[in-house]
Amino acid sequence: MDAFHPDLPGHDHGSGSAGESTTPLRARLHHIRADALDGDTAQTGGMRRFAAISGGSVGSERIWMGQTHVAPGTASSNHHHGESETAIHVVKGHPEFVFLDNSGGTPEEVRIRTSPGDYIFVPPYVPHREENPDPDDEAVVVIARSTQEAIVVNLPELYVLRTDAP
């Protein structure tokens, strides 16, 4: 028997007012509608981030998920996401992801061009920026992070991540 299933006999389902559940945040599923995303998040110039799944919205402890919109013909500021791993899924447009690679011994700017359906993985602390070269349409990506909230550390420039970095 699954003792954690809320529909099993003997479980109190709670009865909140106006259709709200009294079940604790971490004991139920959450539906976040597209028109209910939270724009009060850490921001980087040239981008708009919207939280969907976060500690504040659903009680998550180890993941953050949301949307980022990059305006036409613009680039984000250089930044990294601290200790957070970041997974990106391209939904709309052809955003480009830029970082410095030192694998050849000399820092070289690498530009990853993407299309809808593509994925990008950004390791912790890796400086990068997002660009949308399209002059007419915004780019939209869905982001998942390994931390409860969005961590954004804006930087004056890109730099190569030291191999002895955290």
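This is a guided tour of one protein chain, moving from the whole fold to its strands and then to its charged side chains. Please keep in mind throughout that the model is predicted.

**The whole chain**

Begin with the entire chain in cartoon view, where you should find 1 helix and 11 strands, arranged along the sequence in the pattern β-α-β-β-β-β-β-β-β-β-β-β. If you then colour by accessibility, 31% of the 166 residues count as buried. Switching to a surface view shows an exposed area of about 9,900 Å², of which carbon and sulfur atoms supply 52%. Among contacts with a sequence separation of 6 or more, 71% are between residues 24 or more positions apart.

**Strand β2 and its two partners**

Next, select residues 64-70, which make up strand β2; 5 of its 7 residues are buried, so this strand is largely enclosed by the rest of the structure. Add residues 47-53, strand β1, and you will see β1 and β2 paired in the antiparallel sense over 6 bridges; to find the register of this pairing, display Phe50, which stands opposite Gln67 in β2. Then add residues 139-145, strand β10, which pairs with β2, again in the antiparallel sense, over 7 bridges. Here the residues to display are Thr68 and its bridge partner in β10, Val141.

While these strands are still selected, show the side chains of Trp64 and Arg145: the charged end of Arg145 sits over the ring of Trp64, 5.2 Å from its centre. A search for aromatic pairs elsewhere will return nothing, as the structure holds 0 of them.

**A short stop at Glu61 and Arg62**

Move now to Glu61 and Arg62, whose side chains meet in a salt bridge with an N to O distance of 3.8 Å. Arg62 is exposed, with a relative accessible area of 62%, whereas Glu61, at 44%, counts as partly exposed.

**The four-stranded open sheet**

Clear the selection and bring up strands β3, β9, β6 and β7, which form an open sheet in that order with antiparallel pairing. The edges are held by β3 (74-75) and β7 (108-113), each of which has a single partner strand, so one side of each is left without a neighbour in the sheet. To look more closely at one pairing, select residues 96-101, strand β6, which runs antiparallel to β7 with 6 bridges between them; Val98 and its bridge partner in β7, Arg111, mark one position along it.

**Charged side chains across the sheet**

Keep Arg111 on screen and add Glu96, since the side chains of these two residues meet in a salt bridge at 2.9 Å, N to O. Glu96 lies in strand β6 and Arg111 in strand β7, so the pair ties together parts that are 15 residues apart in sequence.

Which residue forms a salt bridge with Arg111 at 2.4 Å between the closest N and O atoms? Selecting Glu131 gives the answer, for this is the residue that meets Arg111 at that distance. This second pair links distant parts of the chain, with Arg111 in strand β7 and Glu131 in strand β9 (residues 129-132), 20 residues apart.

As for accessibility, Glu96 counts as buried at 10% and Glu131 likewise counts as buried at 15%, while Arg111 is partly exposed at 26%.

Finally, extend the selection to Glu96, Glu109, Arg111, Arg113, Arg129 and Glu131, which are linked in a network of salt bridges. In the structure, the count of salt bridges comes to 7.

Note on methods. Residues numbered from 1 in each chain as written. Predicted model: local features only at pLDDT ≥ 70, side-chain atom pairs only at ≥ 80, totals over all residues. Heavy atoms only, no water. Helix = DSSP H or I, 4+ residues; strand = E, 2+ residues; numbered from the N terminus. Buried < 20%, exposed > 50% of the residue type's maximum accessible area, 1.4 Å probe, protein only. Contact = heavy atoms within 4.5 Å. Areas by Shrake-Rupley, 256 points an atom, 1.4 Å probe, with all protein chains shown as cover. Phe/Tyr/Trp six-rings, centres within 6.5 Å; stacked < 30°, edge-to-face > 60°. Lys NZ or Arg CZ within 6 Å of the ring centre and 35° of its normal. Pairing = 2+ DSSP bridges. Salt bridge = Lys/Arg side-chain N within 4 Å of Asp/Glu carboxyl O.
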